[in-house]
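Here are my notes on the structure, written for someone who is new to reading models. Please keep the structure open while going through the points.

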Amino acid sequence: MMEYILKNGIVYDPANNIAGEKKDVMFKDGKIVENVSSDAKVLDVTDKIVMPAGIDPHAHVAGPKLVVGRIYRPEDSRKGVVSPNEVCRPESGFSIPSCPATGYRYSRMGYGTVTEAAMPPLEAKHTHEEIMAIPNIDITPLPLFGNNWFVMQYAKEGQIDELAAFISAWLKITKGYGIKIVNPCGTEAWGWGGNVHGIDDPAPYFDVTGREVIRALSQANEMLGLPHSIHVHPNDLGHPGNFPTTVNTLDCVKDIEKNSSVRNQTIHLTHAQFHSYAGTSWRDVESGAEQVADYINKNKHVTCDIGQITLDETTTMTADGPMEFDLHQLNGLKWANKDIELETGSGIVPFIYSGKAPVPSFQWGVGLELFLRIKDPWQVCLTTDHPNAGPFIRYPRIISWLMSAERRQEMMDNLEVRVWSYKRTGLGTLDREYDFNEIATITRAAAAKIYGYQDRGELTPGYNADIAVYDLNPNDIDPSKEPAAIEQAFGNAMYTIKDGQILVKDGEVVKVVPSHTLWTNVQGFEEQEKAVMEKVMPTFRRFYTVKFENYQVQDHFTPNPLITTVQASK
Amino acid sequence: MAYEPPVTDYDEIVENGTCAFCGCNCDDLDFLVKDGHVVGVRHACRLGASKVMEDMDQRLMVPMIRDENGELQEVDWDTALDKAAELIAGAVRPIFYGWSETSIETMKHGIRLGELVGAVLDNQATICHGPSLQAVQNAGYPIATLGEVKNRADMIIYSGSNPMNSHPRHLARYSTFPRGWFRKRGRFDRTLVTMDPKYSDTAKMSDIWVGFEQNGDYGFYNAIRAAVKGKEIDQDYVSGIPKEDIMELAEAMKNVQFGALFFGLGLTHTLSKQRNIDMAIEMLVDLNEHAKWILTPMRGHFNVNGFNIFMAYECGFPYGVDYCRGYQRYMNGETNTIDLLTRKECDVFMVIAADPGAHYPGGAVKHLAEIPVIQVDIHWGPSTEIADVVLPGSFIGVECAGTSYRMDGVPIYMKKAVDKPETCRDDEWIIRELHERVQKIKAEEAAAASK
């Protein structure tokens, strides 16, 4: 393999405290190195921004609800159609791009890794099938556990050891990376058309609360010492007055001790924007961003991603089935649902986040307010919860908003967003602007740390040569004044390098490589796993509709695995 | 029916095999294998068992090409593949149709070949549940996996579908009979309703049979919707059903805990076509304001849903996808197989694991008889009679492993039980070979053109 020097770039590598230093980055055989020989190929990136490749900690890019979205919204697939060329297959879709398009579009933005944040175990094979169809970007699938019948029973009975063994076994069975919890107990209630209201409202029949499920899963997570903490979508998503539920959710695991050296948090709050509302109804809704941000600022056991509204027409999809039915009742657009036996549910509804409407404008303001109020960039990541708050191709636009108070003010002044954006939120009072180092943190370094990645997210020798170069001279541009140039540059990487291979040059995909699937293999828990499987199997055989042999994900569904081996520790 | 003694003479049992018949994809089959053949099947319904066991009947064994006298002649694999590749490479408007009885792995090569030559890729949905998919695009798709029905449902409706004959284990394994977590007494805890003009075998065993008039589906569901919404029905009879019965049924449907509606081609293909399903979906959405309701199309072939899912994640559209301009286009009535054939647009037709000769309207078959047809399949059928090149494939789920998607979207990896006949090839291999050979021809053409 070739050796390369990226020469004279201006490097932002937050993990190594490098913030805008002019230096060379070298790599060989797919890894970052300190030195290369004189044969190394030189890529002149003089005065261009060099960062680790982007890492998206929360998106929905592969799996059953994505495909329901694509099947039932041909109007979305008719957008974003791109002809094939010698390198790329044809693309389609805007909010729910086809699998090949997903890979190319992340690549063009300089991204190298993305988390598929909701994998139903029963349909894990489907998720992995789609991952195989997405090129150029490594994918971390998180299996859903928050409404699993076995999990709810273990949580109710306080059997944390058995729960840990169950999780450990199920990560192997589904080839998953960590624990995802969505509207704990609420999605189970949706099995009967209901929901729970807050963290202490029990699921029907199982008589267990979200608090108990979250705590039990958090304890199991720490018992196993998984690289990622529990990944939580709290109850009450999108409801005015939901911020106390959010804060209570974060607070309910505060006493649980971290058991992993590779991450700092014990709970990751997902799409915080949808969970930071005060008031009692959409009439009197106010931003709760200050309270949520305040809690995060005071508590290091929490990280979050935002779920920033992008003001587009999109397709919302989440395992929070009851929320999606509410959304359908609200906007009257066509409703899809996909409930999964014994495990989870989901809903899918198109949505138009128009800046001409008060509520989307308010949500836009809440998201940005959170970004600007959370002080430590290592505790926050840039996401749109793709495609829920908007498609991931809008990340460069969000970066431009974060870097320019002037642009935000202009949007409010020109009524690109309605008055609720500043009258119901604190956005109008905030003039913080992110710098390039903070952008590098919230789009790559923090996400890598939150997931406990040991091979990406920084330009440390020995790490994967996952690098993005953007055609911007940070000494030459004032991002506050030139948001369009920022958006253009971050949307069209000058180089995207992954595992030492140049995949994008000057905004064009020049090479296509297969993706990797990242999953966690817990070791040292085999006896407990065996015991728990023996207990689980009679129930499994009676109530699932597939045989266990046909439930598990066979190895060929992950042809390029990157396995994180964890020694379970007590 | 005469008593058949159980099969006791076998060498081994292959457990947890998947049935390659209908969209139930029952994955609990035990194949009894002797001398490399399946001699018995446990747990399967008669449809599934007969398909698996009598598979050698009418089996296509060797590649064939039609000679100048119009007779199919045996040839070697290279000759047959070269001929097929030459036809595909030279085609202006090729269609690759079928796929519903083969694996996702095969489709992966098929779409790449389709993109390469600008083909139309289509499957059986174009003549079966296509209107259901159109309705899904109009009105929504509230679905659940079959285990949700088994564990929760207290009311099951089959509309325009007769699963006792078409999906014989559907009631037994997934919906009506099984004892579920919340339905401990199985059948006794559920109300079974059949909505069908015909007094079918399913209707005979139902608690309620609603025999509305032929083509009365749209009106009937409309009336149920009105009743669910608390509106007055101003006719005494709707679609032949008394107003009072409709009111009573609507009330019952509102008061269940979990209801599941399964619909078949009897709803999809009556006069109002996809508008029937539109109305059924809308009815179900209305019902969800009162109780939990889901619906699922009763898909026919074991992987017909798989092709729709596969195409959607690869290119964004479920079926009838046209690559003639390099990128994907999809427009019902424009890019579907029957339209293209009856307009005589198609010049080469490849059929994979399907039998258009048996199912297409006359006009479409007439055009097929006039153009080169390549058949990849395991059995001799009407399509073989019009095929110019025949490529014998293998039987997914018995002779060859592969991924398929059940009617509710649950993926199942169908494992292999016995070896295929030596002279046959895996579908996946055949399509990959065709892709490679067509690529070579295209490269040679490009090289010659640049000289």
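1. Ala353(B) is buried, since its relative accessible area is 5% and the cut-off for buried is under 20%. This is a predicted model, so read each value here as computed from it. Ala353(B) lies in the loop that runs between β18 (348–352) and α15 (356–359) of chain B. Its phi is near 55°, a positive value in a residue other than glycine. Most residues other than glycine have a negative phi, which is why the angle deserves a look.

2. Is Asp35(B), another residue with a positive phi, buried or exposed? Asp35(B) counts as exposed, because its relative accessibility is 60% and exposed means over 50%. Its phi is about 50°, although Asp35(B) is not a glycine. Asp35(B) is found in the loop between β2 (29–34) and β3 (37–42) of chain B. These two strands form a hairpin with two residues between them, and Asp35(B) sits in the turn.

3. The hairpin strands β2(B) and β3(B) pair in the antiparallel sense over five bridges. Within this pairing, Leu32(B) stands opposite Gly40(B) in β3(B). β2(B) also pairs with strand β1 (residues 12–17) of chain B, again in the antiparallel sense, over four bridges. There, Glu12(B) stands opposite Val33(B) in β2(B). β2(B) is mostly covered, with five of its six residues buried.

4. Which peptide bond should be checked for a cis form? The bond from His386(A) to Pro387(A) is cis, and its omega is near -5°. Pro387(A) has its place in the loop between β18 (380–381) and α13 (395–403) of chain A. For comparison, most peptide bonds are trans.

5. Helix α10 (residues 289–298) of chain A has these buried residues: Ala289(A), Val292(A), Ala293(A), Tyr295(A) and Ile296(A). They lie on the same side of α10(A), because they cover an arc of only 155° around the axis. The elements that cover them include α9 (243–251), β11 (267–269), β13 (286–287), β14 (302–305) and α12 (358–373) of chain A.

6. One sheet takes strands from both chains. Its four strands form an open sheet in the order β15(A)-β17(A)-β16(A)-β8(B), with mixed pairing. The edge strands are β15 (313–318) of chain A and β8 (140–144) of chain B, each of which pairs on one side only. On average, neighbouring strands of this sheet are turned by 20° against each other, direction ignored. Strand β16 (residues 335–339) of chain A and β8(B) run parallel and are joined by five bridges. In this pair, Ala336(A) stands opposite Tyr141(B) in β8(B).

7. How many residues does each chain bring to the contact? Chain A gives 60 residues and chain B gives 67 residues. The area buried between chain A and chain B is about 5,300 Å², and carbon and sulfur atoms give 58% of this area. Ile71(A), Arg89(A) and Trp192(A) supply 14% of the area that chain A buries against chain B, more than any other three residues.

8. Between chain A and chain B the count is six salt bridges. A salt bridge also joins the side chains of Glu188(A) and Arg152(B), at 2.9 Å from N to O.

How values were computed:
Residues are numbered from 1 along each chain as its sequence is written. Chains are lettered from A and ligands numbered from 1 in the order in which they are written. This is a predicted model: local features need pLDDT of at least 70, side-chain atom pairs count only at pLDDT 80 or more; totals for chains, interfaces and linings use all residues. Side-chain values use heavy atoms; hydrogens and water are left out. Buried means under 20% relative accessible area, exposed over 50%, partly exposed in between (1.4 Å probe, protein chains only). The arc is that of the directions from the helix axis to the C-beta atoms. Contact means heavy atoms within 4.5 Å. Two strands pair if DSSP finds at least two bridges between them. Axes are lines fitted to C-alpha atoms, for helices over the stretch in contact, and angles run from 0 to 180 degrees between N-to-C directions. Buried area is the accessible area (1.4 Å probe) that two parts lose on being put together, summed over both. A salt bridge is a side-chain nitrogen of Lys or Arg within 4 Å of a carboxyl oxygen of Asp or Glu.
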